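Hi everyone, thanks for making time for this one. I'd like to walk you through a model, starting with its sheets and then moving on to ligands and cavities.

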Amino acid sequence: MTRIPYWNISYGILIDAFALVAVIVFARGVYGHWQRIKKGKLRLRPVRDLPGQIGPIFVYALVTKGILGSKLYKKFFTGLAHGFLFWGMILLGIGTTLVVLNVLFGLPIFAGGFNRWFMSFGLDLAGLAALAGLIFFFLRRMFPPQRLITPRERAGFVAQIGLLLAVIVTGFIVEGIRIKATGPDPYAFVGNILAGWLPANLAAHRLFWWGHGLLCMAFIAYIPYSPMMHILLVPANTALADPMPGSKMGVMDFSSFDNEESEEIPTLGCASLADFTQKRLLDYDACLWCGRCHEVCPAASTQKPLSPKGVMLTLAERLTNGEFEDTEVIDAIGEDAIFACTTCTACMEACPACINQPKTILKFRQNLVMEQSRIPELMGKAMTSLEQRAHPFFGTGSGPKEWCKDLDVPIFAQGETEYLLWIGCSVTYEERAQKIARAMVHILDAAGVSYGILEESRCTGDPAKQMGNEFMFSELAQTNIEEFNDLGVQKIITLCPHCYNSFTRHYPPLGGDYTVIPHAVFIDRLISQGKIAPRDNGQSIVYHDPCYLGRRNRIFEAPRQVVRRLGRLVEMPRHGAESFCCGGGGGNYWAEEVGERINQNRSREALDTGAERIATACPFCLLMLTDGTKKFTEEQKAFDIAELVAERL
Ligand code: SF4
Ligand code: SF4
C-alpha cells in the first residue's frame with residue numbers, strides 16, 4: 001500500500017524547524033569537545049599529511065574498528081547488541097531522512113518494492129533490532145558486571161538509553177495507530193501486530209507523532225553532552241591511533257633543553273593535562289568507561305592500586321571540567337598505581353576505542369622520575385646500577401663473561417661476521433637466564449651460522465625507558481649505536497623481546513637502523529631450512545607469549561612452530577593477543593608487589609593445563625615463571641625455547 005507522509009499531521013513541516021535547533025545545539029556541543037581537545041600540546045596527526053602507506057591504514061582502521069566496531073565483538077553478545085542498536089538506528093535515521101526528502105522534494109519512496117521492503121519491512125526490522133540492543137544495554141546498566149562499576153556514575157548513559165527506548169516505542173505506536181486507521185500494511189509486520197491492539201484514535205496519533213519527533217530531536221541535541229558522543233569520538237580516535245601494534249613511546253628530543261634562546265622550559269614527561277598531546281586528550285574524551293581494560297590488566301586483577309580504566313576516567317573528568325593545569329592529577333591517580341604498570345598493553349588490546357593507556361601512564365612516570373626524582377626503592381636501585389654499571393641487575397654475583405666462561409664464543413669481527421648475537425643484560429647477569437645464551441650458542445654452532453658477540457656487554461636501555469628515565473635510555477642507546485656503527489653491524493639476533501622492541505622501535509630515530517631478528521624467529525627459520533633438526537619426544541609443552549614479542553610485535557606463530565617441532569603444543573586459556581603478563585615488564589621485575597603475585601597467577605594458569613613443560617621466549621618471562629612455579633612445584637617447569645631446542649639436538 002502507498003503511504004501518505006505526515007498523514008493526520010498539520011504543520012508537520014514544523015518538525016524541520018525543531019530539527020534545525022537540535023542540529024545547532026549538537027554542533028555547539030561538538031565544538032566544545034574540539035575546544036577542549038585543542039588545548040593539547042601538539043596537533044593531531046593531520047590526515048592530509050599522512051604518507052601514502054598510512055592513508056589506507058587510516059581508512060581501514062576507521063572502517064573496521066571505528067565504524068564496524070570490530071573490537072567490540074571480543075565480547076560477542078555486547079558486540080552483537082551494539083551492532084543491533086547502531087545499525088538499527090542508522091537505518092531508522094536513513095528512513096527518516098528519506099521521509100523529509102519526500103515531503104520537501106517529492107522523492108518517490110512510498111511506492112513499489114522500495115516502500116514494501118525498505119520503508120515498511122526494513123525499518124520495522126531495524127526498529128526491532130535497535131529495541132533488542134537497547135533492552136540489552138538497559139539490563140546491563142541495571143545489573144552491571146564488575147568492570148562497569150565505577151566509584152562515580154557516568155551521567156547521561158541511562159538518560160540516553162531511556163530517550164532512545166522512548167523514541168523507538170513511540171515510533172511503533174504511531175505506526176500501529178496509522179495502520180489501524182488507514183488499513184493493513186502486511187510488510188510493516190510490527191505495526192500490523194500493534195494495530196490489532198491500538199485504537200484508531202487520531203488525536204492519540206498526533207500526540208505520539210509529535211512526542212516521537214521531539215524525543216528524536218532531544219536525543220540528537222543531547223549527544224555531545226552525554227556519553228553517546230562516543231558515536232563520533234571513537235571512530236575519530238580509532239582512525240588517528242598509531243597503526244603500529246602495542247605502545248610506541250617515541251624518543252624524547254633533549255635538544256630544546258640546551259636552547260638558551262627558548263623561553264619555555266620543557267616539561268619532562270607529563271604532569272598535567274596541559275602537557276599531553278591532542279591525541280592523548282582525544283583518548284580520554286573517547287573513553288567509554290567500559291572497563292574492558294581493567295578486566296584484563298594484570299595489575300588490577302592482582303589487587304595492585306592500578307586500574308587503567310581508573311586512570312582514564314580521572315583524566316576524562318578533568319578534561320570535561322577544563323582542569324588542564326591541575327598537577328594534582330598525578331597524586332589523584334597515585335604514584336603506586338603509575339609504577340605498577342607492567343607495560344603489557346593488554347589494556348590496549350582489549351580497548352574498543354583504541355586508546356593507548358600505557359603511554360599516558362608512562363608519561364606520568366617520566367615526570368615522576370625525571371622531574372620529581374620519585375621512584376620506588378627497588379626500581380631506584382636498578383636505575384642506579386644502570387647509571388654506574390650499564391645494567392640494572394644490582395646485587396648480582398655474575399660477571400659479564402660468566403655465562404660463556406667455558407664456551408668458545410666468537411667475538412663480532414667487522415666485515416667477517418654476519419650476525420651480532422646480542423646477549424642483553426638479563427641473560428648476562430641472571431644465572432637462570434644465562435642458560436638461554438648458552439643454548440643459543442649451541443644452536444648457532446650446530447647450524448653453522450656466522451655470528452659473534454660484543455667484547456663488552458651492555459643493556460639496550462629498555463628498562464630505563466620503561467621505568468621512565470628517558471635520559472638514561474638515550475645515553476645507553478647512543479653508546480650502543482656508536483659501537484654498532486663502528487663495527488659495521490647490520491644484522492642482530494636478540495634473545496630478549498625487550499631488546500628486540502628497543503632496537504626496532506626506539507633505535508631508528510636515534511640513527512640505529514638494523515635488521516633485527518628475535519631468537520624464536522631465527523630458530524624457527526633454521527628448522528624450516530633444515531639447518532637443525534631437534535627431536536620430537538612427544539612431550540606436552542604449554543607456550544607463554546611474552547608481551548613484548550606477542551602483543552607488541554605480533555610474533556605469535558614462530559615460537560609455536562618451534563614448540564610443535566619439539567612435542568605437543570598446549571595453550572593456556574589466555575594466550576596469543578589475549579595472553580597474560582608474567583609481571584616482569586615496565587621495570588616491575590624490580591618491584592615489591594602488593595596483592596597476589598602476577599607471576600604466580602600466570603604460573604598457576606600454565607600448570608593447570610597439565611603440560612609437562614612451560615616454554616617461553618623471553619628471559620624476563622623465564623625468570624618470572626621460574627620463580628612463580630616454585631609456589632606450586634619443586635620441579636623445574638619453565639624453559640626458554642632455545643633451551644628446549646638445544647637439548648634435543
Ligand atoms: S599496560 Fe598492562 S599493566 Fe599497564 S595498565 Fe595496561 S594492562 Fe595494566
Ligand atoms: S580505556 Fe578503553 S577499555 Fe578502558 S574503559 Fe576506556 S574505552 Fe573501555
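Before I show any pairs, one definition: two strands count as paired here if DSSP finds at least two bridges between them. Please also keep in mind that what you see is a predicted model.

With that in hand, let's take the sheet with the order 2-1-3-4. It is an open sheet of 4 strands, and the pairing is parallel. Where are its edges? They are at strand 2, residues 451-452, and strand 4, residues 515-518; each has a single partner strand, so one side of each has no neighbour in the sheet.

Now the pairs inside that sheet. Strand 3, residues 491-494, runs parallel to strand 4, and 4 bridges join them. If you want a residue to click on, take K491: its bridge partner in strand 4 is T515. Next, I492 has V516 as its bridge partner in strand 4. I492 also serves us on the other side, since L420 stands opposite I492 in strand 3. That second pairing belongs to strand 1, residues 419-422, which pairs with strand 3 in the parallel sense over 4 bridges. For those of you who don't look at sheets every day, strands of a sheet pair through backbone hydrogen bonds, either parallel or antiparallel.

How do we get from strand 3 to strand 4? Together with helix 22, the two strands make a right-handed β-α-β unit. Please remember helix 22, as I'll return to that helix with the cavities.

On to the sheet with the order 6-5-7-8. Here 4 strands form an open sheet, with parallel pairing. Its edge strands are strand 6 and strand 8, the latter at 638-640, and each pairs on one side only. Neighbouring strands of this sheet are turned by 40° against each other on average, direction ignored.

Within this sheet, strand 5 (residues 539-543) pairs with strand 6 (residues 567-570) in the parallel sense over 4 bridges. One contact to look up is V542, whose bridge partner in strand 6 is V570. The connection is again a right-handed β-α-β unit, made by strand 5, helix 24 at residues 557-566, and strand 6. Towards strand 8, the parallel pairing with strand 7, residues 613-616, has 3 bridges. There you can find T616 opposite D640 in strand 8.

Now the ligands. Which residues surround ligand 1? They are C297, P298, L306, P308, C341, T342, T343, C344, T345, C347, P358 and I361. By class, that shell has 9 nonpolar and 3 polar residues, and no charged ones.

Ligand 2 has 13 residues around it, and C287, C290, G291, C293 and C351 come nearest. Two helices, helix 11 (292-296) and helix 12 (308-321), each supply at least two residues of this shell. The shell of ligand 2 divides into 9 nonpolar, 2 polar and 2 charged residues.

Let's turn to empty space. Rolling a probe the size of a water molecule over the atoms shows where empty space is left. How many cavities of 30 Å³ or more does the count give? There are 7. The largest cavity has a volume of about 130 Å³. Its lining has 17 residues, with D462, P463, H498, W590 and F620 nearest its centre. Here is helix 22 again, at 497-506: together with helix 18 (425-429) and helix 20 (462-467), helix 22 is among the elements giving two or more residues to this lining. Helix 20 gives the most, with 3 residues. The lining of the largest cavity splits into 7 nonpolar, 9 polar and 1 charged.

The second largest cavity comes to about 100 Å³. Of its 13 lining residues, I423, I453, L454, E456 and S457 are the closest to its centre. By class, this lining has 8 nonpolar, 2 polar and 3 charged residues.

Last, a short stop at the backbone. Most residues other than glycine have a negative phi. N8 is not a glycine, yet N8 has a positive phi of about 70°. You'll find N8 in the segment before helix 1 (14-37). S373, also not a glycine, has a positive phi of about 50°. Where is S373? It lies in the loop between helix 16 (357-371) and helix 17 (377-389).

That's my tour; thanks for listening!

Definitions and conventions. Residues numbered from 1 in each chain as written. Chains lettered and ligands numbered in written order. Predicted model: local features only at pLDDT ≥ 70, side-chain atom pairs only at ≥ 80, totals over all residues. Heavy atoms only, no water. Near = heavy atom within 4 Å. Nonpolar A, V, L, I, M, F, W, Y, C, P; charged D, E, K, R; others polar. 1 Å grid on protein atoms, 1.4 Å probe; cavity = no way out; pocket = protein on both sides within 12 Å on 5 of 7 lines; lining within 4 Å. Points joined across faces, edges and corners; volume = space filled by probe spheres on them. Right-handed = clockwise from strand over helix to strand, strands pointing away. Axes fitted to C-alpha atoms, helices over the stretch in contact; angles between N-to-C directions.
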